[in-house]
Amino acid sequence: MKETEMALVFGCFALILLGVTLLLRHSLNISYEENTEYFIMSTGNKEHQVFYENIIDWQPGYNEIKILDETKRDQKYIRVNIKIFKPEILLRKIADRAVEEKFTNLSETSTIDPYRKNETVNYIVNQKYGYLLEDDMENSEK
């Protein structure tokens, strides 16, 4: 009798954990794809396709980078987790856009880095993606 009770209890726990796992998987349905022209970020029911040339601003975050797309009407930042998805093409394109002076510093009192080049490079290096910038560093030394 004791073995039957324990089997029922553990069976109930297993069903509850299976239900929670399926519920979390469904609610946290997240995917990320990138190519040389754009990236697609899907979260739950929303899908964001962002072309790299439409990125007008970025913000650093803890293990993520927030991207602002000029074509989106809601003007909300899209969060991309850089530890899980490893968006190398996205980070490389952001570095290229910073070098091309496409980003401006939001605080107008800062004249040290008006196009956010140093901020972008420091962020990418601090997140351990410095190898993406090695070609630029080698070219600037020559």
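Reader: Which residue just after helix 3 takes a positive phi?

Author: That is Lys-128, whose phi is about 65 degrees, and please keep in mind that this is a predicted model.

Reader: And within helix 3, which residues are buried?

Author: Helix 3 spans residues 117-126, and its buried residues are Thr-120, Tyr-123 and Ile-124. Because these residues cover an arc of only 95 degrees around the axis, they lie on the same side of helix 3.

Reader: What do the buried residues of helix 3 pack against?

Author: They pack against two strands, namely strand 4 (55-61) and strand 5 (64-69), and also against helix 2, which covers residues 88-99.

Reader: Switching to the sheet, what is the order of its strands?

Author: The order is 4-5-6, in an open sheet of three strands whose pairing is antiparallel. Strand 4 and strand 6 (78-81) are the edge strands, each pairing on one side only, and from one strand to the next the twist averages 25 degrees.

Reader: Over how many bridges do strand 5 and strand 6 pair?

Author: Strand 5 and strand 6 pair over four bridges, in the antiparallel sense, and for Ile-67 the bridge partner in strand 6 is Ile-78.

Reader: Where does helix 2 lie, then?

Author: Helix 2 lies across strand 4, strand 5 and strand 6, and it runs at about 60 degrees to strand 5.

Reader: Which strands does helix 3 touch as it packs on the sheet?

Author: Helix 3 touches strand 4 and strand 5, and the direction of helix 3 makes about 50 degrees with that of strand 4.

Terms used
Residues numbered from 1 in each chain as written. Predicted model: local features only at pLDDT ≥ 70, side-chain atom pairs only at ≥ 80, totals over all residues. Heavy atoms only, no water. Buried < 20%, exposed > 50% of the residue type's maximum accessible area, 1.4 Å probe, protein only. Arc of directions from axis to C-beta. Contact = heavy atoms within 4.5 Å. Pairing = 2+ DSSP bridges. Axes fitted to C-alpha atoms, helices over the stretch in contact; angles between N-to-C directions.
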